[in-house]
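Work through the following exercises with the sequence and the model open. Try each task before reading its solution.

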Amino acid sequence: MALINENFLKLKAGYLFPEIARRVKAFVDGNPEAAKRLIRCGIGDVTEALPEAVRYAMHEAIDEMGDRKTFKGYGPEQGYDFLRNAIADHDFKAKGVNVDADEIFISDGSKCDTGNILDIFGRGNKIAITDPVYPVYVDTNVMIGNTGDADENGAYAGLTYLKCGPENGFVPAIPSERVDLVYLCYPNNPTGAVATRAQLEAWVQYALKNDTIILYDAAYEAFIRDPEIPHSIFEIPGARDCAIEFRSFSKNGGFTGMRCAFVVIPKGLMGKTADGTKQAIHPLWSRRHSTKFNGASYIIQKGAEALYTDEGKSQVKALIEHYMGNAALLVQACKDAGLAVYGGVNAPYVWVGCPAGVTSWQMFDKMLNEANVVITPGSGFGSAGEGYFRISAFNSRANVEEVCTRIKALK
Ligand code: MLT
């Protein structure tokens with residue numbers, strides 16, 4: 001009989017969102033009438049139609065595929081140059097940020113990228129994550145064997161947890177000990193917090209001093225409205241020597257069902273072998289990508305490229321305005337209901353304190369049963385998320401207005 005990867009047996013319950021889906025299904029099956037009123041604000045999944053510029057570009061790409069003269073088979077694993085160049089020019093160079101097209105690796109999603117990146121790092125690294133945190137960072141470390149078992153709070157032995165709460169604006173204090181890898185996500189999923197330039201500068205200084213690599217997840221950068229808040233870790237001097245950045249078209253372009261994202265790895269970023277020899281990270285990821293991935297679909301990459309046209313940019317702006325308008329309504333409704341509210345200003349997530357004495361999962365049940373609204377329990381993002389819940393602003397305006405009414409009516 002084949003041996004299994006026993007690390008999987010250490011994982012707690014299901015992945016958060018399948019677990020929510022399971023509970024929601026049980027509710028729907030048991031309450032068919034109430035289920036008709038159900039509004040889902042749990043998983044952060046976009047709801048509005050793809051930008052027209054994207055659809056148009058994809059139609060053209062399909063026609064190219066329908067003609068043997070322009071048909072495309074396998075594409076370059078790292079992504080087509082037209083998309084890598086568009087990203088480098090519009091997301092970085094136009095903003096004065098030094099990232100070259102060949103430092104950009106196109107993929108089919110940031111969830112995969114943030115998990116797969118562990119392939120190129122050795123075992124025995126000291127790894128820090130924030131708490132609360134996007135669960136993928138934790139679970140992929142468990143799967144690959146970077147942790148011990150979980151304790152009764154769900155904290156895994158071997159990981160360094162950086163507590164985030166209102167007292168630090170949900171941006172962790174610089175740790176007193178050194179770590180090899182640290183995951184930072186800003187704008188933050190789940191708390192909707194943003195990191196200021198000064199906070200990111202402090203992290204980059206820490207990383208440079210300690211030979212730490214920052215795994216910077218900027219999947220929600222398009223939602224930043226405050227002009228002072230950095231969109232990329234590479235806006236911070238020194239970050240090219242200590243950071244990898246993950247970006248996604250899921251939430252800005254409405255690509256959750258299309259699948260397209262990218263990783264930025266500066267060519268000078270170094271790790272080391274066990275004997276201390278320095279080794280560039282970029283060729284390792286390039287090799288990994290070429291071996292385990294055959295490139296994102298040409299049609300999808302053509303769609304993503306269209307996000308950088310003038311029409312695409314203005315259609316993305318309209319989408320962001322729509323979702324952030326939702327966020328503002330949700331923030332206000334929670335405030336009106338007397339709840340403590342965070343996020344929702346530069347991020348599409350609203351992070352809400354549960355009423356006194358109510359746990360996150362109790363709040364989940366209350367919202368499901370009394371308001372027929374699906375939210376995400378904060379404890380699903382880590383023990384420091386206990387006592388909070390997350391509302392996703394990805395929805396229609398009508399649904400959000402209805403959710404606001406129901407929140408205010410909650411007993
Ligand atoms: C979330 O709800 O946290 C996100 O949709 C998860 C993801 O982007 O994978």
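The model is predicted, and the exercises below cover the ligand site, two groups of strands and two single residues.

**Exercise 1. The ligand site**

Task: Determine which residues surround the ligand and how the shell divides by class.

Solution.
- Step 1. List the neighbours: Phe17, Ile43, Gly44, Lys111, Tyr134, Asn189, Tyr220, Lys251, Tyr349 and Arg390 surround the ligand.
- Step 2. Sort them by class: the shell has 5 nonpolar, 2 polar and 3 charged residues.
- Step 3. Here tyrosine counts as nonpolar and glycine as polar.

**Exercise 2. Polar contacts of the ligand**

Task: Find the distances from oxygen atoms of the ligand to polar atoms of Gly44, Lys251 and Arg390.

Solution.
- Step 1. Start with the backbone: a polar backbone atom of Gly44 is 2.6 Å from an oxygen atom of the ligand.
- Step 2. Go on to the side chains: for Arg390, a polar side-chain atom is 2.7 Å from a ligand oxygen, and for Lys251, an N or O atom of the side chain is 2.9 Å from a ligand oxygen.
- Step 3. Apply the cut-off for a polar contact, a pair of N or O atoms within 3.5 Å.
- Step 4. Add the coverage: of the 270 Å² of accessible area that the ligand has on its own, the protein covers 84%.

**Exercise 3. Strand S3 and its partners**

Task: Establish whether strand S3 is enclosed or open, and which strands pair with S3.

Solution.
- Step 1. Check burial, which requires under 20% relative accessible area. In S3 (residues 127–131), 5 of the 5 residues are buried, so the strand is largely enclosed by the rest of the structure.
- Step 2. Look at the side-chain directions. Ile127, Ile129 and Asp131 point one way, Ala128 and Thr130 point the other way, and all are buried.
- Step 3. Take the partner S4 (residues 159–163): S3 pairs with S4 in the parallel sense over 5 bridges. In S4, Asp131 has Lys163 as its bridge partner, and Ala128 has Thr160.
- Step 4. Take the partner S5 (residues 181–185), which runs parallel to S3 and is joined to S3 by 2 bridges. Ala128 has Val182 as its bridge partner in S5.
- Step 5. Include the helix: S3, helix H6 (residues 135–144) and S4 form a β-α-β unit that is right-handed.

**Exercise 4. An open sheet**

Task: Work out which strands stand at the edges of the sheet S11-S12-S15-S14.

Solution.
- Step 1. Read the order: the sheet is open, has 4 strands in the order S11-S12-S15-S14, and its pairing is antiparallel.
- Step 2. Identify the edges. S11 (341–343) and S14 (376–377) each have a single partner strand, so one side of each lacks a neighbour in the sheet.
- Step 3. Examine one pair: S11 and S12 (residues 349–353) are antiparallel and share 3 bridges. Val341 has Val352 as its bridge partner in S12.

**Exercise 5. Two single residues**

Task: Decide whether Cys185 and Thr114 are buried or exposed, and where each one sits.

Solution.
- Step 1. Cys185 belongs to strand S5. With 4% relative accessibility, Cys185 is buried.
- Step 2. Thr114 belongs to helix H5 (residues 110–116). With a relative accessible area of 1%, Thr114 is buried.
- Step 3. Set chain separation beside distance in space. Thr114 and Leu215 are 101 residues apart along the chain, and their C-alpha atoms are separated by 8.0 Å. Cys185 and Trp361 are 176 residues apart, and their C-alpha atoms are separated by 24 Å.

How values were computed: Residues are numbered from 1 along each chain as its sequence is written. This is a predicted model: local features need pLDDT of at least 70, side-chain atom pairs count only at pLDDT 80 or more; totals for chains, interfaces and linings use all residues. Side-chain values use heavy atoms; hydrogens and water are left out. A residue is near a molecule or strand if one of its heavy atoms lies within 4 Å of it. A polar contact is a pair of N or O atoms within 3.5 Å; within protein, one must be able to donate a hydrogen and the other to accept it, and residues adjacent in sequence count only if both atoms are side-chain atoms. Accessible areas come from the Shrake-Rupley method with a 1.4 Å probe; for residues, only the protein chains shown count as cover. Buried means under 20% relative accessible area, exposed over 50%, partly exposed in between (1.4 Å probe, protein chains only). Two strands pair if DSSP finds at least two bridges between them. A crossover is right-handed if, with the strands pointing away from the viewer, the path from the first strand over the helix to the second runs clockwise.
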